[in-house]
Amino acid sequence: MRIRVLLLFMTAVACGTDFERSAALVTLPRLLAVRAEPPEAAPGAEVTYSALLATPVGEDDALIDWSFCATPPARPEPGAVSSACLQGETENVASGTSVSMATPDDACRRFGPLAMPLVNTTQVGQPVSPDETGGSYQPVRLAWPGGLAFAFQRLTCDPRGISMDGASAYRAARQPNRNPRIAAFTTSPESGSDLDLTVTWSSEDVETYVTIDPATSTLVTKRERLWVAWFVTGGLLDQDATPATSTALAASTRWHGPSAPGIYFVWAILHDDRGGLDFARLAFTAQ
């Protein structure tokens with residue numbers, strides 16, 4: 001999810017040995033990631049969404065119904081979904097593995113820091129405080145045969161609760177997030193069926209950005225943190241997720257391949273901490 005692929009999985013999960021060994025093991029169809037292009041958008045802007053729906057035998061191109069949650073949750077928290085959206089009360093439905101949709105015009109009022117309108121003197125929602133990177137998020141609902149999940153589109157919203165000068169300075173310095181790009185996904189043999197998996201990216205993918213310190217209402221410059229999530233259809237991983245230091249341009253883990261012969265898939269998903277991501281896949285034949 002981080003589109004912000006924070007993903008809330010509602011699909012069936014295998015309860016057995018495979019799942020207990022590794023949460024990264026794909027034994028049933030699973031939505032591993034949703035990529036938004038661009039990963040940060042202002043209300044009204046067009047965004048293209050692509051889903052990575054993995055299966056034990058590769059990837060599924062199942063028809064997905066995409067829509068935007070219209071009702072804020074009772075508790076205004078980043079990454080929260082209302083019961084109404086869980087039950088299917090959404091808007092702007094599109095279908096496909098990849099779709100383009102316009103971000104709702106009132107997304108920052110419903111799910112961002114801007115004040116909500118009053119209805120019969122009752123506030124229908126509350127401003128949502130940005131996360132630690134200064135981001136607010138529009139929930140996106142994905143439904144397909146046998147599955148339901150949520151991703152979160154990062155929003156470009158005006159700040160709230162600071163001076164006019166501070167808000168102007170923030171708008172001038174703000175740079176919307178870009179998706180990082182995997183430069184290479186490589187392997188190197190260790191011993192037997194073990195492989196070292198490595199994902200690399202360029203220095204341009206580690207962006208700096210400005211956010212507002214809530215205690216002082218001043219601008220703070222931060223540097224993105226990148227990390228890689230790994231998924232496999234067999235074998236075991238030393239690490240399911242590999243964080244990178246602020247200066248690193250690569251992340252690795254070791255895959256202990258299965259003993260049973262067959263074709264196996266490995267996915268690497270490169271995330272930044274502002275909702276951007278990229279993914280790549282490798283296939284291996286075990287003799």
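A disulfide is a pair of cysteine sulfur atoms within 2.5 Å. With that in mind, welcome to a set of close-ups of this predicted model.

**Figure 1. A disulfide joins cysteine 69 and cysteine 85.**
The two sulfur atoms in this view sit 1.9 Å apart. The torsion about the S-S bond of this pair is about -70 degrees, so the disulfide is left-handed. Cysteine 69 belongs to strand E6 (residues 65-69) and cysteine 85 to helix H2 (residues 83-86), so the bond ties together parts that are 16 residues apart in sequence. Both cysteine 69 and cysteine 85 are buried.

**Figure 2. Cysteine 108 is bonded to cysteine 157 in a disulfide.**
Here the distance from S to S is 2.0 Å. With a torsion of about -90 degrees about the S-S bond, the disulfide of cysteine 108 and cysteine 157 is left-handed. Cysteine 108 is found in helix H3 (residues 107-111), while cysteine 157 is in the loop between strand E12 (147-155) and helix H4 (164-173), so the pair ties together parts that are 49 residues apart in sequence. Are these two cysteines buried or exposed? Cysteine 108 counts as buried, at 5% relative accessibility, and cysteine 157 is buried too, with a relative accessible area of 9%. The structure holds two disulfides; if you number the bonded cysteines of the chain in sequence order, the pairing reads 1-2, 3-4.

**Figure 3. The largest nonpolar core has 37 residues.**
Which members touch the most other members of this core? They are Leu197, Trp201, Trp255 and Ile269. Several strands each supply at least two residues of the core, among them E2 (30-37), E4 (46-55), E14 (194-200) and E20 (250-256). Strand E21 gives the most, with seven residues. Apart from this core lies another, of 20 residues, which includes Leu31, Val34, Ala36 and Ala51.

**Figure 4. Tryptophan 255 and the residues it touches.**
This view centres on one of the core residues that touch the most other members. Leaving out residues up to four places away in sequence, tryptophan 255 touches Ser193, Asp194, Leu195 and Leu197. Its contacts also include Val232, Gly234, Gly235, Leu236 and Leu237. Tyr264, Val266 and Phe284 are touched by tryptophan 255 as well.

**Figure 5. Arginine 110 makes polar contacts from helix H3.**
Arginine 110 lies in helix H3, the helix that also holds cysteine 108. At 18% relative accessibility, arginine 110 counts as buried, since buried means under 20% relative accessible area. Which side chain does the side chain of arginine 110 meet in a polar contact? The partner is glutamate 91, at 3.1 Å. A polar atom of the arginine 110 side chain also lies 3.2 Å from the backbone oxygen of alanine 70.

**Figure 6. Proline 104 sits in the loop between strand E8 (98-102) and H3.**
With a relative accessible area of 5%, proline 104 is buried. Not counting residues up to four places away in sequence, proline 104 touches Pro43, Gly44, Phe68, Glu91 and Gln138. Take a moment to find glutamine 138: its C-alpha is 8.6 Å from that of proline 104, although the two residues are 34 residues apart in sequence.

**Figure 7. Backbone details at proline 38, asparagine 92 and serine 217.**
Most residues other than glycine have a negative phi, and most peptide bonds are trans. The peptide bond from glutamate 37 to proline 38 is cis, with omega near 5 degrees. Proline 38 lies in the loop between E2 and strand E3 (40-41). Asparagine 92 has a positive phi, near 60 degrees, and is part of strand E7 (residues 90-95). Asparagine 92 counts as partly exposed, at 43% relative accessibility. Serine 217 also has a positive phi, of about 60 degrees, although it is not a glycine. Look for serine 217 in the loop between strand E15 (208-213) and strand E16 (218-223), where it counts as partly exposed at 35% relative accessibility.

**Figure 8. Model confidence along the chain.**
The mean pLDDT of the chain is 84, and 85% of its residues reach 70 or more. Where does pLDDT stay under 50? That stretch is residues 1-21, for which the model has 67 contacts beyond four places in sequence.

Notes
Residues are numbered from 1 along each chain as its sequence is written. This is a predicted model: local features need pLDDT of at least 70, side-chain atom pairs count only at pLDDT 80 or more; totals for chains, interfaces and linings use all residues. Side-chain values use heavy atoms; hydrogens and water are left out. A nonpolar core is a set of buried Ala, Val, Leu, Ile, Met, Phe, Trp, Tyr and Cys residues joined through side-chain atoms within 4.5 Å. Buried means under 20% relative accessible area, exposed over 50%, partly exposed in between (1.4 Å probe, protein chains only). Helices (H or I, at least four residues) and strands (E, at least two) are DSSP runs, numbered from the N terminus. Contact means heavy atoms within 4.5 Å. pLDDT is the predictor's confidence in each residue, from 0 to 100. A polar contact is a pair of N or O atoms within 3.5 Å; within protein, one must be able to donate a hydrogen and the other to accept it, and residues adjacent in sequence count only if both atoms are side-chain atoms.
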